[in-house]
Amino acid sequence: MKKIEAIIKPFKLDDVREALADLNITGMTVTEVKGFGRQKGHTELYRGAEYMVDFLPKVKLEIVVTDEQVERCVEAIMTTAQTGRIGDGKIFVFDVERVIRIRTGEEDEEAI
């Protein structure tokens, strides 16, 4: 099993969720986060004063999938979240050692 974490632009969330649903991937955790990479940040004007916005709003998706689903899932996120501009985000893939569904006690792939 693998855990996929994807940091994407907020306005792409619905498109990515729909693309994953088409792959029968329905369970995910979504968190509003802030950060920057090469995009750095930008300056904004507020009441005549210029100030630097260092951390930009992003969305973090966390998904646990079977090993067989990883490549299709990553591909769906990449093609759907990509705008071709700086700040499109990143995808991280981690090994998952064990999963337990609290309600039933099911483990591993049955618990996903």
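Q: A pocket is an open set of grid points, and its lining residues have an atom within 4 Å of a point. Which residues of the second largest pocket's lining lie nearest its centre?
A: In this predicted model, they are Gly 27, Met 28, Ile 63, Val 64 and Ile 112. They belong to a lining of 13 residues, and each of these counts as lining because it has an atom within 4 Å of a pocket point. The space itself comes to about 220 Å³.

Q: What makes up the lining of the second largest pocket, by class and by element?
A: Six of its residues are nonpolar, five are polar and two are charged. Gly 27, named above among those nearest the centre, falls on the polar side because glycine is counted there. By element, strand 5 contributes the most, four residues.

Q: How does the largest pocket's lining divide by class?
A: Here there are four nonpolar, five polar and five charged residues. The pocket holds about 300 Å³ and has 14 lining residues, with Phe 36, Gly 37, Arg 38, Gly 89 and Lys 90 nearest the centre. Strand 2 and strand 6 each give two or more residues to it, and strand 2 leads with three.

Q: Why is Thr 66 called buried?
A: Its relative accessible area is 14%, and buried means under 20%, so Thr 66 qualifies. You will find it in the loop between strand 5 (56-65) and helix 2 (70-81). Beyond its neighbours within four places in sequence, Thr 66 is in contact with Met 1, Glu 109 and Ile 112.

Q: What makes Asn 24 exposed rather than buried?
A: The relative accessibility of Asn 24 is 66%; exposed means over 50%, so the label fits. Asn 24 sits in the loop between helix 1 and strand 2 (29-35). It also has a positive phi of about 65 degrees, although it is not a glycine.

Q: Why does Asp 108 count as partly exposed?
A: Its value is 29%, and partly exposed covers what lies between 20% and 50%, so Asp 108 belongs there. Asp 108 is located in the segment after strand 6 (89-95). This non-glycine residue has a positive phi too, about 55 degrees.

Q: How do you know that Ile 8 belongs to the largest nonpolar core?
A: Ile 8 is listed with Leu 20, Leu 61, Ile 63 and Ile 77 as touching the most other members of the 18-residue core. Membership asks for a buried residue of a nonpolar kind joined through side-chain atoms within 4.5 Å, so Ile 8 must meet those terms. Two or more core residues come from each of strand 1 (2-8), helix 1 (13-22), strand 5 and helix 2, and helix 2 has the largest share, six residues. Away from its sequence neighbours within four places, Ile 8 contacts Leu 13, Val 16, Leu 61 and Ile 77, among others. As a general matter, nonpolar side chains in soluble globular proteins tend to be buried together.

Q: How are the elements of the protein chain ordered from the N terminus on?
A: They run β-α-β-β-β-β-α-β, giving two helices and six strands. Of the contacts between residues at least 6 apart in sequence, 70% join residues at least 24 apart.

Q: How much of the protein chain is buried, and how much area does it expose?
A: Buried residues account for 31% of the 112 in the chain. The chain exposes about 7800 Å², with carbon and sulfur atoms supplying 49% of that area.

Methods:
Residues are numbered from 1 along each chain as its sequence is written. This is a predicted model: local features need pLDDT of at least 70, side-chain atom pairs count only at pLDDT 80 or more; totals for chains, interfaces and linings use all residues. Side-chain values use heavy atoms; hydrogens and water are left out. Buried means under 20% relative accessible area, exposed over 50%, partly exposed in between (1.4 Å probe, protein chains only). Contact means heavy atoms within 4.5 Å. Accessible areas come from the Shrake-Rupley method with a 1.4 Å probe; for residues, only the protein chains shown count as cover. On a 1 Å grid over the protein atoms alone, a cavity is a set of points where a 1.4 Å probe fits but cannot get out, and a pocket is an open set with protein on both sides within 12 Å along at least five of seven lines; lining residues have an atom within 4 Å of a point. Grid points are joined across faces, edges and corners, and a volume is the space filled by probe spheres set on the points.
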